[in-house]
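Student: I have a model open and would like to practise reasoning from values to labels. Could we go through it together?

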Amino acid sequence: MAKDTLRLDKAVCHNFDVPRSYAAKIIKNGLVEVDGEVISDPSAKISICAQIVIDGNEVSASDGFKKRVFMLNKPNGYVCADKDNNNPIVINIFSDIPKFTTMHCVGRLDIDTTGLLLVTDDGDLNHKISSPKMEVTKTYHVVTKDKIVEKDIELFSRGLKHPKERVKYKPALLEIFADNEALVTVTEGRFHEVKRLFECVNNEVIELKRLYIGSLKLDPELEEGEYIELDDSDIEKIFIPYKKVSS
Ligand code: URA
């Protein structure tokens, strides 16, 4: 099949979020128009530019195949998992958008971490952002129990070793701006990384919010639980570091 055509039943499934068998049935029943003509063969090849109309709803055939990337301000209490028996899951926040169950979180934030979380159905992009090789920077606003001291800047920048981890953390950038508040930028995405970095210097994180991925900033207009769709220029920013983490 040429790349600029696709099967009508597949185009209907993807655009109208229905099972293939249902798509075949409505096509055979003459309920699907393509560029103004009824087509009743589910295997008919249509152009990716064709307009499909079902019950007055018109879409462009290729729209349903477009990958989507959303920026969410993750609320406290939600988990980044496909299933959880005890807590609400992030993906269900997207239940109003078509095919929301095909989307996944890019990396994970802890249940009590808020802020910038990417959610996408683009598996390749998800993999690229999460790949350790890409060293995408993640920047968090941290509130701690005890005072953050100047000496921690040096310790973070050298790379710390947590007793529960076999391997040292890569260098992290610590920018202190109040006694108990700082920005922390890391290039790994290890389990509880920021909380454990502070444990290494005998402190404790009491609030954690992610503000940046690369130089893509959490939209300050987004309330917790709100999201927006990103475009290509936003996605480019992910791969531009917020700041240089180590020399
Ligand atoms: N580091 C943490 O400790 N928790 C997160 O949710 C993200 C980074």
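**From values to labels**

Tutor: Gladly! Keep in mind that this is a predicted model. Around the ligand we find Leu109, Asp110, Thr113, Tyr140, His192, Glu193, Val194, Lys195 and Leu208.

Student: What makes these residues the surroundings of the ligand?

Tutor: Each has a heavy atom within 4 Å of the ligand, so Leu109, Tyr140, Leu208 and the others named belong to the shell.

Student: Which element gives the most to that shell?

Tutor: That is helix H5, residues 193-200, with three residues.

Student: What makes the approach of Thr113 to the ligand a polar contact?

Tutor: The cut-off for a pair of N or O atoms is 3.5 Å. A polar side-chain atom of Thr113 is 2.8 Å from a ligand oxygen, so the pair qualifies. His192 uses a backbone N or O atom, 3.2 Å from an oxygen atom of the ligand. For Val194, a polar backbone atom lies 3.1 Å from a nitrogen atom of the ligand. Taken as a whole, the protein covers 96% of the 240 Å² of accessible area that the ligand has on its own.

Student: Where does the ligand sit?

Tutor: The ligand takes up the space of the largest pocket.

Student: Why is Asp110 called buried?

Tutor: Buried means under 20% relative accessible area. Asp110 has 17%, so the label fits. This residue is placed in the loop between strand E8 (104-105) and strand E9 (114-120). Its side chain makes a polar contact of 2.8 Å with that of Lys195, and both Asp110 and Lys195 are among the residues around the ligand.

Student: And why does His192 count as partly exposed?

Tutor: Partly exposed runs between the 20% limit for buried and the 50% limit for exposed. At 26%, His192 falls in that range, so it is partly exposed. His192 lies in the loop between strand E12 (181-186) and H5.

Student: What is notable about phi in His192?

Tutor: Phi of His192 is near 55 degrees, a positive value in a residue other than glycine. Most residues other than glycine have a negative phi. Lys99 also has a phi near 55 degrees.

Student: Is Lys99 buried or exposed?

Tutor: Lys99 has a relative accessible area of 17%. That is under 20%, so Lys99 is buried. Its place is in the loop between strand E7 (69-74) and E8.

Student: How do you know that Cys80 and Cys105 do not form a disulfide?

Tutor: A disulfide needs the two sulfur atoms within 2.5 Å. The sulfur of Cys80 is 4.1 Å from the closest cysteine sulfur, in Cys105, so the pair is too far for a bond. For Cys13, the closest cysteine sulfur is in Cys49, 20 Å away, which is also too far. A search of the whole structure finds zero disulfides.

Student: Why are Cys13 and Cys80 called buried?

Tutor: Cys13 has 12% relative accessibility and Cys80 has 7%. Both values are under 20%, so both residues count as buried.

Student: What makes Gly123 partly exposed?

Tutor: Gly123 has a relative accessible area of 49%. Exposed requires over 50%, so Gly123 remains partly exposed. Gly123 is placed in helix H3, residues 123-130. Its C-alpha atom is separated by 36 Å from that of Ile153, 30 residues apart along the chain.

Conventions. Residues numbered from 1 in each chain as written. Predicted model: local features only at pLDDT ≥ 70, side-chain atom pairs only at ≥ 80, totals over all residues. Heavy atoms only, no water. Buried < 20%, exposed > 50% of the residue type's maximum accessible area, 1.4 Å probe, protein only. Polar contact = N/O pair within 3.5 Å; in protein donor to acceptor, adjacent residues only side chain to side chain. Areas by Shrake-Rupley, 256 points an atom, 1.4 Å probe, with all protein chains shown as cover. 1 Å grid on protein atoms, 1.4 Å probe; cavity = no way out; pocket = protein on both sides within 12 Å on 5 of 7 lines; lining within 4 Å. Sits in = over half its atoms within 2 Å of the grid points. Helix = DSSP H or I, 4+ residues; strand = E, 2+ residues; numbered from the N terminus.
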